[in-house]
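The exercises below concern enclosed spaces, paired charges and one helix, and each task is followed by a solution that goes step by step. Please look at the structure before reading on.

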Amino acid sequence: MPSLEHRNTSTAAIDNNNNSTSTSHKPTCKADLKPPINMRDGVLAILLFALAFPIRMQNLDSPSQVVFDEVHFGTFANHYIRERFFFDVHPPLAKILIALAGRVAGYQGDFDFSRIGNDYSAGHVPYVAMRAQGALLGTLLVPIAYFTLRFGGHSIYASAFAALAVCYENSLVTNSRLILLDVYLLFFIAMTILCWNRFFHHRSRPFRLAWWFWLALTGVNLGFTVSCKWVGLFTIGTIGLSTVMDLWRILGDLQVSKKALGGHFLARILCLILLPLSVYVSIFYVHLKMLPHSGDGDVHMSAAFQHSLAGNEIPDSPIDVAYGSKITLRHLSTNGGYLHSHPSAYQTGSKQQQITLYPYRDENNWWIIRKLNSTLDAQNEPADKLGKDNATWLQWVRHGDIIRLEHVATSPRKLHSHDESAPMTDVEYHKEVSGYGFPDFEGDANDWWRVEIVDDPKERLETLRTRFRLVHMLQSCALFSHEVQLPDWGFGQQEVTCMQQSKKPKTMWMIEETRNDLLPDDTRMVNYLVPGFWGKFIELHKVMWKVNEGLTQSHPYQSRPSAWPMLRRGISFWANQGRHIYFLGNPIVYWMTTVAVFNFLILWAFFQVRAKLGYTDDYKGRRAFFEQSAGFYLMAWALHYLPFYLMNRQLFLHHYLPALYFAILVLATAIDLAIARATPRRRLISVLLLALGVIAIFYQFEALTYGKEWTREACEQQQWLPSWQFDCGSYQSQMATALPGKKVVLDEHGSIIGDEAMAESLLSNQSISYHHSTQRSANTAPQEHFLHG
């Protein structure tokens, strides 16, 4: 094994105080040409994979029910297989891979994933194959962790410990055995760091084939990482900062020519910016190509986007809007859909007919534009165009006109507002909007709405071309909608109100379709301009960002970032019949990594102070090596952890997994430093003792990791923190397991003091048929219990 002085220091981007490493084509040391690994490392990596394989793969068929977020990602697989558009806040790569695994296994996309606990055996769904793909990636994470440290110049002992910590980390195991996204994210993050370390090994021989290969592979994996989740942006930040520091080092190297310097900059722009971006965009292109048909994600997108999906097209409509035309009105701000009504009434307020926003095309979305009264309707003056019947004159609807909107399906009811509080937004300036009217009733001024064309030079309404507001004449309020849903009696549809002193965005409307049989045949027809790929790509990202910010609802198992490093909370994934999958990490791994992270910060600060005082603590190169290596992993930990403090959305313990992976690497680096001067035997013993401790704790919590049967006593014994909310009461007592169907007598402390005969005697003497009885005595109060197996 090379000495520390000749180890590859790739994991830290630079050492500002040591400029001895040249970036010319001439290598500076043997380690720059050949990694400090050999056949023994390959054999050990295979053994680690073989060790991890059963840990991840065992009992993948259990539970045979939908678990936690399999609700979402199984449903998304259905949509891919059935080619139905859906919306999700995460990029699509991991979901595409999950769907691919199901499709290859013969899945037709017809299982109902909608509820946790739905039984997979009720449908033909290859859930084991879909879980196995993630479990395989989780297994590969173990040798990847090993080689990441080995390529960084660390010892076999420290590298093997990191791999074993990843292998026997309960939360990593739980996460990799289910149909979830995080294992895909972790795999590509780990691959990115592995390739980056390997690239740095070749940095003294730039522009050679191996140098380009590992740099490009780093970029490809960066693209894959951010294509799984936007958390991958933190990985891009990690590589980006390391790149900036490395370029700064190259910039200060006088042996590097200007041409070579330009080549370094261009290579990194190409491989670490353009290549990941190309991968990311390409995956979205594939995503949209796989979802050509209308689906339940339409409602999040604009009308033009929806119109581009098969099954959601609308026919061409006349551009001219005349009185007497039938129209549909689309709300522009919320993508909530169409102005809608139906025979159901409000359960509050006036209890008149409901007016809502409905996201799908429907006959209840159609309205007729009327004038102030029926007399004016008949006049149509001033006339604008002779109708197709050559007898009726048509009049366009203009800016400033006062109109009535009559609901076609429930005619003669009209769009109506009055001084009544809105059904959900119970504030003074939001008025109820209802459907009101009955036969032989002309209506009243509460049906009058003024047309206000906004930001448009046109003087009259045109289909799909004019944005306008409808202002109520008596209440001086504008027709308004927002992302507030009505309760069950309103079918969960979006609330429509009339808002006084409202701002424009949520009071803007557009006519989407028009029908009028009197319009001439030569009337110009219009339709949506179907967006191309780039238009869809940009719109989809805007909606993803907006919805992501809106995930602020509370969840019983959510937690804040401050709780993660000390493992103060877990997540209940699934529970059924005395079995429980509870997402909880290996406490020893979490706590040791947290100590390692903060110890590094303390030691780094200590040595910085000593340096200011004039002390030189080089330790024969050890300090620079470990400072660079641990510093890089700690930077990655901070970038994958600290940004969550700025987020106000729902957060869970599984968001810490990328940071945990880097914390494990920091811990392994610290262990390598601690045993650096020990004999090989002592190194081996130290690492084995630490690894055995990790493994022992793993098996203490394996019942929660795999959802195995457990006893109440064991559960209570492992509930080290009161904030760990796994329900020990759901497990059977150990005595019930040992003595199924038996009756025994317990004292006040729960200890057995009498057998079944004594229990039967107590029952007989006291004539008690309850499950619990007490016999009073001077010293003890024995209790009889039925123990059911």
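**Before starting.** The model is predicted, so that local features need pLDDT of at least 70 and side-chain atom pairs count only at pLDDT 80 or more, while totals for chains, interfaces and linings use all residues. Residues are numbered from 1 along each chain as its sequence is written, and side-chain values use heavy atoms, with hydrogens and water left out.

**Exercise 1.** Sort the lining of the largest cavity by residue class, and state which helices contribute to the lining.

*Solution.* Begin with the classes: the lining of the largest cavity has eight nonpolar, two polar and two charged residues, where Ala, Val, Leu, Ile, Met, Phe, Trp, Tyr, Cys and Pro count as nonpolar, Asp, Glu, Lys and Arg as charged, and the others, Gly among them, as polar. A cavity here is a set of points on a 1 Å grid over the protein atoms alone where a 1.4 Å probe fits but cannot get out, and its lining residues have an atom within 4 Å of a point. Next come the names, among them Phe-85, Phe-86, Phe-87, Asp-88, Lys-95, His-287 and Met-544. Helices α11 (258–290) and α14 (533–549) each supply at least two residues of this lining, helices being DSSP runs of H or I with at least four residues, numbered from the N terminus. Finally, the space in the largest cavity is about 70 Å³, a volume being the space filled by probe spheres set on grid points that are joined across faces, edges and corners.

**Exercise 2.** Which helix gives the most to the lining of the second largest cavity?

*Solution.* The second largest cavity holds about 50 Å³ of space, and its lining includes Ala-303, Gln-306, His-307, Arg-330 and Glu-512. Helix α12 (residues 303–307) gives the most, with three residues. By class, the lining divides into four nonpolar, three polar and three charged residues.

**Exercise 3.** Contrast the salt bridge of Arg-150 and Asp-41 with that of Arg-249 and Asp-246.

*Solution.* A salt bridge is a side-chain nitrogen of Lys or Arg within 4 Å of a carboxyl oxygen of Asp or Glu, and a search of the whole structure finds 19. In the pair of Arg-150 and Asp-41, the closest N and O atoms are 2.7 Å apart. This pair links distant parts of the chain, with Arg-150 in helix α5 (residues 127–151) and Asp-41 in helix α2 (residues 39–57), 109 residues apart. Arg-150 is buried at 2% relative accessible area, and Asp-41 is buried at 0%; buried means under 20%, exposed over 50%, and partly exposed in between, with a 1.4 Å probe and protein chains only.

Arg-249 and Asp-246 meet at 2.6 Å, N to O, and both lie in helix α10 (residues 232–251), three residues apart, about one turn of the helix. Arg-249 is buried at 9% and Asp-246 at 1%. A network of salt bridges links these two residues with Arg-203 and Arg-268.

**Exercise 4.** Compare the expected span of helix α4 (residues 93–104) with the distance between its end C-alpha atoms.

*Solution.* The expected span is 1.5 Å times one less than the number of residues. For the twelve residues of α4 the expected span is 16 Å, and the end C-alpha atoms are 16 Å apart, which agrees. Buried residues of α4 include Leu-93, Lys-95 and Ile-98. Just after α4, Gly-106 takes a positive phi of about 95°.

Key. 1 Å grid on protein atoms, 1.4 Å probe; cavity = no way out; pocket = protein on both sides within 12 Å on 5 of 7 lines; lining within 4 Å.
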